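Subject: Handing over the structure

Hello,

Here is the structure I promised to pass on to you. Please have a look through it, and then read on for my notes.

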Amino acid sequence: MSVRFSPARSAARRRALFSAAAVAALLVASPSLAQPPEGDGEAATPLDEIAIEGRGEGDASAPAARLKRTSEAASRLGLTVRETPATVDVLTQQQLQEQGSRSLIEAYNSAPGVVAGNLPGEPGVTAIRGFSRGAVGYVIDGVRAIDPLIASRNYDTYSFDRIEILKGPASVVDGAGALAGTINLVTRKPEFDVFKADGLLSYGSFDSVRAGAAVNVAPSENVAAAASVLYGRSDGYVNDTDSENVQVTTAIALKPTDRLKITAAFDYFHDDFRTAYFGTPLLPSDVARDPSGVVTGRGFVLDKSIWKKNFNVDDGVMKSDAVWARAGAEYELTDAWTLKNDFGFYSADRLWRNSEDYTYVATQPGDAKLRRDATLISHDQQSWTNRTTANFDGEIGGMRNRFTTGVEYMRTEFGSRRRFGTVDFVDPFDFDRGDFPDTAGFATRQNFDSTVDNTAVFVENALNLTPEWIVVGGVRQDWIDLDRKVDDLNDPTLSDRFGNKFKATSWRIGTVYDLTPQVSLFGQYTTAITPVSSLLLSSSARAAFDLTKGRSVEGGVKTLLWDERIAATASIYQIEQDNILTRDPVTPALTVQGGSQRSRGVELDVSMAMTSQWKVNANAAFLKAEFTKLSEGGVSLKGNRPLNVPERTINLWTTYRLAEAPITFGAGLRHVGSFYTDNANTIRVAGRTLFDASIAVDVPAGGVVTLRGRNLTNKLYAEWSGYSSTQVYVGAPRSFDLTYSVKF
């Protein structure tokens, strides 16, 4: 496979997809489609309606729905969240809009035990239960990415019906890379016998705009289609960091017979940052002009006088165009047996041309002591996935049994052009951003070609030993074939071709027992496999390492209380990972396997309908994450905490709807504890507590206008560290947005 840039092809594809977006928007805006079918007497309801009309499974806003809905991320058995012997968080579109989660990062941060942020090459990166980056699986509608670090983006939440987060090892379901958990982004699906449409228009601080529309139509009892379109743009809260994104999802479902269902979906995601923000460099305390207490350690501080400066070059670029296409067929052989086949295709073109790393060098003469790098990286990626399963849901010996077995094959082809050099040294207080330099003289000029073939077979089973007692088990065998080619343009004698073949087994066993109709106990033991680093970008040395192995034990309780007005989940867990990379204790310059890390924690998630007008959602997570064996620079880091991992997170969101007026008040709190920017734990970032509030007013024709304020105390804080330990991403200051939403 050759590394290639294809701007003409990408531009043509983008124009075609923009046209599709316009068509979808027109469909939603059409007066003929904006009305229910003739004879339908249901009144239009506003999108952000808070009143509780029922507590059954069909009411998505009811607390009980959190435990009664099924989750695609947890298993392929069709288990509900309550039947799953693990912690599963499901964030619905309604919930995301109520709490004001616009981006995936904001959505992830609202879940217990999850923190998210940006890295230059990994926007939307997450840490779950003390493990981050490649330890978190990434899936869209059940189609996984072989390398989550490369595929992750910070998409707008509007395109997704829900976001499912399975906590703990999930390799039995999603293969390699799912040690800490799996995130499944579920797009809007067609629904039979239903017409519905919704839209939103929002404007806020930093000249930020969001406009979206979605529609579901069912022209006959055997056909349904859904489409959504989203456009967003912003100037950014850091100077001169313009961005734009376009998202289009389309899907169709057919039922030719009572036993056959066929589905197809096509999604397009585009994001473009003119000069992206890659963090703020830390400065020595005696150099900073307005030092803050946000960062401490090694004499570095976050200088308030420079945090709004953009240190990227003036013509910086970060953009991505991605297509996800899926097709599925499901045939019921009998009332108990079903055959399924799911095919997925993913294609992405990504480009970075920036200065991403900024380091203060005290020994540099004069005032120009901030060294800036130069990075040009392109990605040209295609993946094909096919999964065939046989599924059983019936009785064995009078006991209900759900069973699935199948085979999965994924092939990924990846090309990358990579250029690394140094831009210049600048004065951090007064500098010319300049333009990206010519790459001809760069110290590193390489072209990568990678191919990964992944074949897997798996079995899962859930047996009801009694109506109250379920035992769930599963096993998966993976074969991974990596082939890499690196062409060195500066020195062809250093060009290399290498690879490796991996074979690994993962399994789990768990149980759920209903103490009462309202209280269920659960527990499980699971294993997982994870590469030591990105497979598609691995060096010859790292490609030779074995897969790391992880294991976890978890137990907890899921309950519905107070006539199902309260749904709660509490869990306690331990996750261990072996064979991570470390330094040889005898030869510190040599990287070897043999390190290990562990996390232990407690999580609590509660949803309450206190009255028909008052709702409360709250969650908290407390963990102790540490390296149990790790060496860097000849120094043992045993007991240290991994970077970007706080020991506690707390979220609280509440809404109250007035009885005498169509007005809903909302208030939210998010607390995140301190974290470190390096594994040596020498630079500490202070924790933060942020406050949000909103007021929503119903308006005619089924609309709602919401005014929302974020970070109302204007707290200065850092939310993530960069690739360098002396560079942090500063969070957004106080901001406001006004949103009009409508639902038909």
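Let me start with one residue: is Arg-598 buried or exposed? Arg-598 is buried, because its relative accessible area is 19% and the cut-off for buried is under 20%. Please keep in mind that this is a predicted model.

Arg-598 sits in strand β29, which covers residues 591-609. Its side chain makes a polar contact of 2.7 Å with the side chain of Glu-626. Not counting residues up to four places away in sequence, Arg-598 touches several others, among them Phe-131, Gln-574, Lys-624 and Thr-628.

Now for the chain as a whole. There are seven helices and 41 strands in the chain. The C-alpha trace spans about 80 × 55 × 50 Å along its principal axes. The radius of gyration is 26 Å, which agrees with the value near 27 Å that a compact globule of 744 residues would have. Of those 744 residues, 56% are buried. Among contacts with a separation of 6 or more, 68% are between residues 24 or more positions apart. The chain exposes about 28900 Å², and carbon and sulfur atoms supply 57% of that area.

Next, the nonpolar cores. The largest one has 37 residues, and Tyr-108, Ile-163, Ile-183 and Leu-185 are the ones that touch the most other members. Helix α4 (residues 104-109) gives this core its largest share, four residues. A second, separate core has 35 residues, including Val-115, Phe-278, Met-318 and Tyr-729. If you would like a residue to click on, try Ile-163: leaving aside neighbours within four places in sequence, its contacts include Asp-89, Leu-104, Tyr-108, Ile-183 and Leu-185.

Then there are the charged pairs. Side chains of opposite charge can pair when their charged atoms come close. The count of salt bridges in this model comes to 47, and here are three of them.

- Asp-271 and Arg-153 meet through their side chains in a salt bridge, at 2.6 Å from N to O. This pair links distant parts of the chain, 118 residues apart: Asp-271 is in strand β13 (residues 260-273), while Arg-153 is in the loop between α5 (148-151) and β7 (160-167). Both Asp-271 and Arg-153 are buried.

- Asp-207 forms a salt bridge with Arg-233, and their closest N and O atoms are 3.3 Å apart. Asp-207 belongs to the loop between β9 (196-204) and β10 (208-220), and Arg-233 to strand β11 (residues 223-234), 26 residues apart. Asp-207 is partly exposed, with a relative accessible area of 30%, and Arg-233 also counts as partly exposed, at 23%.

- Arg-551 pairs with Asp-578 in a salt bridge whose closest N and O atoms are 2.5 Å apart. Arg-551 lies in strand β27 (residues 548-561) and Asp-578 in strand β28 (residues 566-583), so this salt bridge ties together parts that are 27 residues apart in sequence. Arg-551 is partly exposed, with a relative accessible area of 27%, and Asp-578 is partly exposed too, at 28%.

Which residues are joined into one network by salt bridges that share partners? They are Asp-89, Arg-129, Lys-167, Glu-554 and Glu-603. You may recognise Asp-89 from above, where it was listed among the contacts of Ile-163.

Enjoy exploring it!

Best wishes

How values were computed: Residues are numbered from 1 along each chain as its sequence is written. This is a predicted model: local features need pLDDT of at least 70, side-chain atom pairs count only at pLDDT 80 or more; totals for chains, interfaces and linings use all residues. Side-chain values use heavy atoms; hydrogens and water are left out. Helices (H or I, at least four residues) and strands (E, at least two) are DSSP runs, numbered from the N terminus. Buried means under 20% relative accessible area, exposed over 50%, partly exposed in between (1.4 Å probe, protein chains only). A polar contact is a pair of N or O atoms within 3.5 Å; within protein, one must be able to donate a hydrogen and the other to accept it, and residues adjacent in sequence count only if both atoms are side-chain atoms. Contact means heavy atoms within 4.5 Å. A nonpolar core is a set of buried Ala, Val, Leu, Ile, Met, Phe, Trp, Tyr and Cys residues joined through side-chain atoms within 4.5 Å. The radius of gyration is taken over C-alpha atoms; the globule rule is 2.2 Å times the number of residues to the power 0.38. Accessible areas come from the Shrake-Rupley method with a 1.4 Å probe; for residues, only the protein chains shown count as cover. A salt bridge is a side-chain nitrogen of Lys or Arg within 4 Å of a carboxyl oxygen of Asp or Glu.
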